[in-house]
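Good morning, colleagues. Please have the sequence and the structure open in front of you while I go through the site of the ligand, the domains and a few points of local geometry.

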Amino acid sequence: MDVRSQIIGCGSYLPDRIVTNAELAEQLDTSDEWITSRSGIRQRHIAADGELTSDLAFRASERALADAGMAATDVDLIILGTTTPDNTFPATATKVQAMLGIGDAVAFDVQAVCTGFVYGLSVADNFIKARQAETALVIGAETFTRILDWEDRGTCVLFGDGAGAVVLRAGEADADGKAPGILSTRLHSDGRYNDVLYVDGGPSSTKTSGFVRMAGKEVFRHAVANMAAVVEEILGERGLTIDDIDWLIPHQANKRILDGTARKLNLPAERVVVTVEHHANTSAASIPLALDEAVRDGRIQSGQLVMLDGMGGGLTWGAGLVRW
Ligand code: UT7
């Protein structure tokens, strides 16, 4: 029997504190009008003092496990996509493991910035298909606002904190892709573009964690091209067209990037899940946050084809096609 990784539960968590564009405009030379028109973002959630990435990840994981009806102790693989770990080491995934009371398992972080969740999903899928894991928790969690330079209006207005998680379990595959689960994933990176989106610090360079630096227009251009290209790559591989896709769940960076990607793919805007307006760019957390919202409000239905599509610093990008 061939194995397919089924998504059997999802969950998400946003910190309580909401900061609107108008509040940012009180401390910064910006405006609600500029932020909304350039990015579609209206507000972001910001973690409380002492609330860490592991806390956000834990809350989202608890909800995903409850949704799956699984005990945490059944999990044998935990992969956490994050670029804002609690500490340089140990992996934040191992902290989440301890918080969930999971004993022996495999737990590690993946660092692919905003593509972290898609990277984690692909790695977990491969573990399951190689029968090295049966049940996996894949999380995207960030306290991204901690690495923002609050004096750089070109970046600080665009990001927020949050977490999302899914539970994967080994299920049965079929030949025609009708059985639920992850049908394909494709990952890419191109390190020649390290310098268009990066953090200007780190343990080996400055011994501080540093702040986000971004060449916005260049990132924008690559984001639309790469996010569309990797979706087309999976469609080609599966012999599908864009008309077969029920929902595109892109990384929630900027409404204009999502619109541009949908236009390039000839995908009607009604089939794109957009949540960026209420949580801003939460990096690795944005795709599972959007996925959870669309599952919870009933948009995503059993049997549908859902395409997850991410892009971030590295540059990294990737997509995953899921039969729901
Ligand atoms: O996960 C991927 C993460 N990255 C992204 O999502 C970012 C991708 N890039 C973008 O979304 C866009 O490039 C931005 C939203 C960052 C910027 O939009 P833009 O249309 O490319 O604007 P711009 O950078 O060309 O800036 C236009 C003007 C500039 O003023 P001048 O030089 O024309 O006088 C900026 O200084 O807007 C100014 N500006 C602002 N004004 C008010 C930049 N940030 C702000 C701000 N409020 N927050």
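Which element supplies the largest share of the shell around the ligand? The answer is α7, from which four residues of that shell come. Before I continue, please note that we are looking at a predicted model, and that every value I quote is computed from it.

Let me stay with the ligand. There are 21 residues around the ligand, and those that come nearest are Thr-30, Arg-38, Arg-153, Lys-217 and Asn-254. Several helices take part: α2, residues 32–39, α6, residues 153–156, α7, residues 216–238, and α8, residues 255–265, each contribute at least two residues to the shell. In terms of residue class, the shell consists of 10 nonpolar, six polar and five charged residues.

Three polar approaches deserve to be named individually. Thr-30 places a polar side-chain atom 2.6 Å from a nitrogen atom of the ligand. Arg-153 approaches a ligand nitrogen atom with its backbone: an N or O atom of that backbone lies 2.9 Å away. For Trp-34, a polar side-chain atom is found 3.2 Å from an oxygen atom of the ligand. As for cover, the ligand taken alone exposes 960 Å², and the protein buries 73% of that.

Where does the ligand lie with respect to the domains? Residues of the shell come from both domain 1 and domain 2, so the ligand lies between them.

This brings me to the domains themselves. The domain assignment gives domain 1 as residues 3–172 and domain 2 as residues 181–323. Their centres, taken over C-alpha atoms, are separated by 14 Å. How many residues of each domain are in contact with the other? In domain 1 there are 55, and they are in contact with 47 residues of domain 2.

I should now like to select Thr-115. This residue sits in the loop that runs between β5, residues 106–110, and α5, residues 116–129. Is Thr-115 buried or exposed? Thr-115 counts as buried, because its relative accessibility is 0%. If neighbours within four places in sequence are left aside, the contacts of Thr-115 are Gly-310, Met-311, Gly-312, Thr-316, Trp-317 and Gly-318.

A second residue to select is Gln-97, which belongs to helix α4, residues 92–100. With a relative accessibility of 11%, Gln-97 also counts as buried, because the limit for that term is under 20%. A polar atom of the Gln-97 side chain lies 2.4 Å from the backbone oxygen of Gly-103. Not counting residues up to four places away in sequence, Gln-97 touches Gly-103 together with Ile-78, Ile-102, Asp-104, Ala-105 and Ala-107.

I turn next to the backbone, beginning with cis peptide bonds. One such bond joins Phe-89 and Pro-90, with omega at about 0°. Pro-90 is part of the loop between β4, residues 77–81, and α4. Another cis peptide bond joins Gly-314 and Leu-315, and here omega is about -10°. Leu-315 is located in the loop between β12, residues 305–312, and β13, residues 316–323.

Next come positive phi angles. Ala-280 is not a glycine, yet its phi is positive, at about 60°. Ser-283, likewise not a glycine, has a positive phi of about 55°. Ala-280 is placed in the loop between α9, residues 276–279, and α10, and Ser-283 lies in the loop between α9 and α10 as well. As for their cover, Ala-280 counts as buried because its relative accessibility is 0%, and Ser-283 is buried with a relative accessible area of 1%.

Finally, I come to helix α10 itself, which spans residues 286–296. How many of its 11 residues are buried? Nine are, and the helix is therefore mostly covered. Among the buried residues of α10 are Ile-287, Leu-289, Leu-291, Asp-292 and Val-295. After α10 comes Gly-298, whose phi is positive, near 85°.

To close, I would return to the ligand: the shell draws on both domains, and α7 gives the largest share of it. Thank you for your attention.

Definitions and conventions
Residues are numbered from 1 along each chain as its sequence is written. This is a predicted model: local features need pLDDT of at least 70, side-chain atom pairs count only at pLDDT 80 or more; totals for chains, interfaces and linings use all residues. Side-chain values use heavy atoms; hydrogens and water are left out. A residue is near a molecule or strand if one of its heavy atoms lies within 4 Å of it. A polar contact is a pair of N or O atoms within 3.5 Å; within protein, one must be able to donate a hydrogen and the other to accept it, and residues adjacent in sequence count only if both atoms are side-chain atoms. Accessible areas come from the Shrake-Rupley method with a 1.4 Å probe; for residues, only the protein chains shown count as cover. Ala, Val, Leu, Ile, Met, Phe, Trp, Tyr, Cys and Pro count as nonpolar, Asp, Glu, Lys and Arg as charged, and the others, Gly among them, as polar. Domain bounds come from an automatic or database domain assignment. Buried means under 20% relative accessible area, exposed over 50%, partly exposed in between (1.4 Å probe, protein chains only). Contact means heavy atoms within 4.5 Å.
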